[in-house]
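I opened the notebook to write down what I looked up in this model, entry by entry. My plan was to go through backbone, charges, helices and surface in turn.

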Amino acid sequence: MENWGLITIRQRDGLYKDGLFPIIQKHNLQEIIAHEVSHQWFGNLVTMKWWSDLWLNEGFATLISLKGVDFLENTTWRYDDRAELQCFALRSDQINGMIPVSGGEYSNPGRYTEVTSHLNHIIYKKSSIIIRMIERIIEEDTFKKGLRRFLNSFLYKNADHEDLFNVLVYVHDSSAGGHLSGQNFSLSDVMDTWIRQPHFPLVHVNRKEGSIVTLRQEKYEHVPYLAKVNDQVWKIPIFYDDPVSAKHKVFWLTDKQPHVFDMAGQYVVDPHQLTYMRIRYDIEMYSDITMALLHDYRVIPTNSRSRLIDDTFSMAEHDQMSYKVAFNVTMYMSKEVSF
């Protein structure tokens, strides 16, 4: 618990000794301490206005704790490898009736304080992934400047997500760069679709010719025969590396229409798993992905290998996809070393 002046930790989570404990205990201990220390800023120094914005505390503390431990260990793997967090979050978020990250004015605040694993995955894990999406959309330097301004503006005060977005938009619009330049929507417009709506999108990828594909979004329905008519739409950032300039860019998917996209030689969309979604390829593309994994699995980044397995098995559970596709994706795994 992040009490200001006396952080408390369960005894079982606060002990580690080389040779007596598994290494996962060390990692957990580091992240727990960093998480609670992060709360001295996100939670104590600036406090949410109401429980429906609990993610402003927990999402940021989860994210900053990973950055903090990476700094201690002189690595980047915790922050860059979000596969496990995303897997847990998606599995909870695909349950019918799940809450959005941020509750509206008339939402039941009790839902945000229930201690259940599924709700915790939304408040802690999904929110941290969405915050990282914000960072990548407006770029890291702008994100840092925005957080400093936010913390200084609301020092010893209460804030909600609109306060945060207003500050980030101000800093973004005052800076050069970012992936919203030239768009007819703002950061708030983007993030409202992610924090105010429950669940997440499924992006269909269908090959047209060569590396040219069409991308189309719809709400992911884990149990299709229970699905109802749904008009949910997300403003989805598709992150990619421009093969000409080698710069990080974003292709925006903002409606339900198919849009043409050039994968530029990549086997998968969103190769570094920066966007919170599931992806479904056509059968021909799954065949190419399987062959690429068998030939040299390293051509597909670690996060995308994890996503391919989780997405295909999730969709196979209720006959949205043949288990043959899912098991084919795993055939390379005797060579896998990124456990």
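**Loop residues with positive phi**

I looked up glutamine 273 and found that it counts as buried, because its relative accessibility is 3%, where the cut-off for buried is under 20%. I note here that the model is a predicted one, and I read every value below as computed from it. Glutamine 273 is not a glycine, and yet its phi is positive, at about 50°. I placed glutamine 273 in the loop between strand 7 and strand 8.

I then turned to alanine 264, which lies in the loop between strand 7 (259-262) and strand 8 (278-281). Its phi is near 50°, again a positive value in a residue other than glycine. For cover, I noted that alanine 264 is partly exposed, with a relative accessible area of 35%, whereas glutamine 273 is buried.

**Salt bridges**

I looked up how many salt bridges the structure holds, and the count is 22. As a reminder to myself, side chains of opposite charge can pair when their charged atoms come close.

I began with aspartate 13, which forms a salt bridge with arginine 10, and I wrote down 3.9 Å between the closest N and O atoms. Arginine 10 is exposed, its relative accessible area being 57%.

Next I checked aspartate 310 and arginine 91, whose side chains meet in a salt bridge at 3.2 Å, N to O. Aspartate 310 lies in helix 10 (residues 302-316) and arginine 91 in helix 4 (residues 83-93), so this pair ties together parts that are 219 residues apart in sequence. I also compared the cover of the two partners: aspartate 310 counts as buried at 11% relative accessibility, while arginine 91 is partly exposed at 27%.

The third pair I looked up was aspartate 288 with arginine 207, a salt bridge in which the closest N and O atoms are 2.8 Å apart. This pair, too, links distant parts of the chain, with aspartate 288 in helix 9 (residues 283-296) and arginine 207 in strand 3 (residues 201-209), 81 residues apart. Aspartate 288 is partly exposed, with a relative accessible area of 31%, and arginine 207 likewise counts as partly exposed, at 27% relative accessibility.

I then asked myself which residues are joined into one network by salt bridges that share partners. I listed Lys67, Glu135, Arg136, Glu140 and Lys144 as the members of that network.

**Helix 6 against helix 7**

I looked up how helix 6 (residues 140-153) and helix 7 (residues 161-173) pack, and noted an angle of about 130° with the axes 9 Å apart. The two helices are therefore oblique to each other, since an angle over 145 degrees would be needed for roughly antiparallel and 65 to 115 for roughly perpendicular. For the handedness, I recorded that helix 6 passes helix 7 in a right-handed crossing.

**A nonpolar surface patch**

I looked for the residues behind a nonpolar surface patch of about 400 Å², and found Ile7, Ile9, Ile33, Val37 and Trp41. I followed up one of them, valine 37, which is found in helix 1 (residues 23-38). Valine 37 is partly exposed, with a relative accessible area of 36%, and it can belong to the patch because residues there need over 30%.

**Two C-alpha separations**

I finished with two pairs, beginning with phenylalanine 88, which lies in helix 4. At 37% relative accessibility, phenylalanine 88 counts as partly exposed. Its C-alpha atom is separated by 7.7 Å from that of lysine 125, and these residues are 37 residues apart along the chain.

The other pair starts at glycine 5, which is found in the segment before helix 1 and is exposed, with a relative accessible area of 75%. What separates the C-alpha atoms of glycine 5 and aspartate 93? I noted 35 Å for these two residues, which are 88 residues apart along the chain.

Technical notes. Residues are numbered from 1 along each chain as its sequence is written. This is a predicted model: local features need pLDDT of at least 70, side-chain atom pairs count only at pLDDT 80 or more; totals for chains, interfaces and linings use all residues. Side-chain values use heavy atoms; hydrogens and water are left out. Patches are made of residues with over 30% relative accessible area and no salt bridge: like charges are joined within 9 Å, nonpolar side chains (Val, Leu, Ile, Met, Phe, Trp, Tyr) within 5 Å. Accessible areas come from the Shrake-Rupley method with a 1.4 Å probe; for residues, only the protein chains shown count as cover. A salt bridge is a side-chain nitrogen of Lys or Arg within 4 Å of a carboxyl oxygen of Asp or Glu. Helices (H or I, at least four residues) and strands (E, at least two) are DSSP runs, numbered from the N terminus. Buried means under 20% relative accessible area, exposed over 50%, partly exposed in between (1.4 Å probe, protein chains only). Axes are lines fitted to C-alpha atoms, for helices over the stretch in contact, and angles run from 0 to 180 degrees between N-to-C directions. Angles under 35 degrees count as roughly parallel, over 145 as roughly antiparallel, 65 to 115 as roughly perpendicular and the rest as oblique. A crossing is left-handed if the near helix is turned anticlockwise from the far one by less than a right angle, and right-handed if clockwise.
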